[in-house]
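Subject: Structure handover

Hello,

Here is the structure I promised to pass on. Please open it first, then read the notes below.

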Amino acid sequence: MMGPKQEAQAALFYEFSLEDHVPQDHLLRSIDRFVDLDDIRQYLAEFYSHTGRPSIDPELLIRMLLVGYCFGIRSERRLCEEVHLNLAYRWFCRLNLSNPVPNHSTFSKNRHGRFRESKLLRHLFEKTVARCIEDGLVSGQRLAADASLIEADANKQNSTPKEDWDHNAIDPSDAPRAVKEYLDVLDDAAFGAASKVDPKFTSHSDPASQWTAARKGPAFFSYSTNYLIDTDHSVIVDVEGTRSIRQAEVGSVRIMLDRIKAQHDIDPERLIADSAYGSGPMLGWLVDRHIKPHIPVLNQASRKDGTWSRTDFEWDPENNQYICPEGEPLKQFRRNYSDPNRGPTGKGVAKYQALKHTCQACPSKMKCCPNADARKITREEHEDARQVARDIAKTKQYAISMRLRKKVEMLFAHLKRILGLGRLRLRGPCGANDEFLLAATAQNLRKLAKIFPAPQQT
Ligand code: SF4
């Protein structure tokens, strides 16, 4: 039998509980148990005026931002609409049906103002990491690092080639916020001072972003998000935004390792990374701190003409010499200097050479040094650390580490595909850092929610 036609009737009174209408297994119910914003008002107190109109509750704004980053809602305007209409979002934001949703413009005012000045977003991220540590998800022993390019909110039509770009011509008093931030970070190792090479193009709207063709496709403006993760449960223990060039990305790992030591007292046993992090200075820095570098060594000693490279010669540390494949020594000094400063110092580039008459009589000369009288080899300052990394690369643990390294890449894939962070919405280094921090916080919260789901009530 066909039922009566459904008619919408405006009821005068409703008996309605949001709590009853949010499904027990909704992701936000699990996430909510790990969001601790009790101290946020106290944390921000000094950034609010004592007079004037009462502000929107900062906890509400942060909860809305978390909803946006957890569910890939990139536009603040759309976020406000979604929170207005979605019951689960309202429940998470502590809004009942009659409470108004803040205007989207409130976000930009708070983000660029008190949230940034107070470093609130980093505070929230650190609290999430602390929670992961407390719940036993972080052992802090096997860490992995990597960087990923995120497209900046800039395009080539609005840019200047390097021949015509002069940052001294910018008037800071008349510049937009992103341009002022660019001028502020010109001497910062993560941005302006990372390289002396000027980028091919510089964006007018976001000059701190890097013009790059690193993805082997069409070039674009980008920032890099650098993750340091604990490989036990893929928890992001630190995140840092940099310019998209290798020097800045490698430098950020040092900053992050120092910061997690200071913040969470994490002393990793090993660091896992790809060959971009395998330069001598980086390996030396890790070995000095007793962190095992599970990193492929960046080998610039290989030869393309088929002759023997440095790796074919055996290092003899006791006698400070190399032994060639024919068993002859290559020495740095062949006499004792009375002035010790002229002798081996162990620092800088050292040159080692075989004896001329030995090489001239050698049957392997054509394979070793066909165009020279005697074979010469240079030894870089951090060669000992490189050797440590080479020795680690022969172990079983290294093979395990190379598999664990994929976990960072999976987090980047999740960041772009599920959280929708393929292109930034905020400009400038601070905007990029804010987005990276919120996205990493959302990823950690989702991780906690997945491992410890909310108990189902009957
Ligand atoms: S050419 Fe000289 S250095 Fe090279 S293998 Fe022969 S003896 Fe050794």
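Contact here means heavy atoms within 4.5 Å. Please keep in mind that this is a predicted model.

With that cut-off, start at helix α9, residues 177-184. Its buried residues are A178, V179, E181, Y182 and L183. What do they pack against? The buried residues of α9 pack against α7 (105-117) and against α17.

Helix α17 spans residues 428-451 and matters for the next point too: α17 gives 10 residues to the largest nonpolar core, the largest share. That core has 104 residues in total. I62, M64, F92, Y227, L228, L257 and L271 have the most contacts inside it. Domain 1 (18-118) and domain 2 (123-296 + 393-451) each supply at least three of the core's residues. In general, nonpolar side chains tend to be buried together in soluble globular proteins.

Take F92 as an example. Leaving out residues up to four places away in sequence, F92 touches L28, I31, D32, V35, R63, L66 and V67.

There is also a second, separate core, of 14 residues. Among them are Y322, A354, C368 and A374.

Now the domains. The assignment also lists domain 3, residues 310-384. The C-alpha centres of domain 2 and domain 3 are 40 Å apart.

Last, the ligand. Which residues are around it? They are W308, C324, E326, E328, A354, C359, C362, C368, C369 and R375. This shell holds seven nonpolar residues, three charged and no polar. A354 and C368 belong to the second core and also to the ligand's surroundings.

Best wishes

Definitions and conventions
Residues are numbered from 1 along each chain as its sequence is written. This is a predicted model: local features need pLDDT of at least 70, side-chain atom pairs count only at pLDDT 80 or more; totals for chains, interfaces and linings use all residues. Side-chain values use heavy atoms; hydrogens and water are left out. A residue is near a molecule or strand if one of its heavy atoms lies within 4 Å of it. Ala, Val, Leu, Ile, Met, Phe, Trp, Tyr, Cys and Pro count as nonpolar, Asp, Glu, Lys and Arg as charged, and the others, Gly among them, as polar. A nonpolar core is a set of buried Ala, Val, Leu, Ile, Met, Phe, Trp, Tyr and Cys residues joined through side-chain atoms within 4.5 Å. Buried means under 20% relative accessible area, exposed over 50%, partly exposed in between (1.4 Å probe, protein chains only). Helices (H or I, at least four residues) and strands (E, at least two) are DSSP runs, numbered from the N terminus. Domain bounds come from an automatic or database domain assignment.
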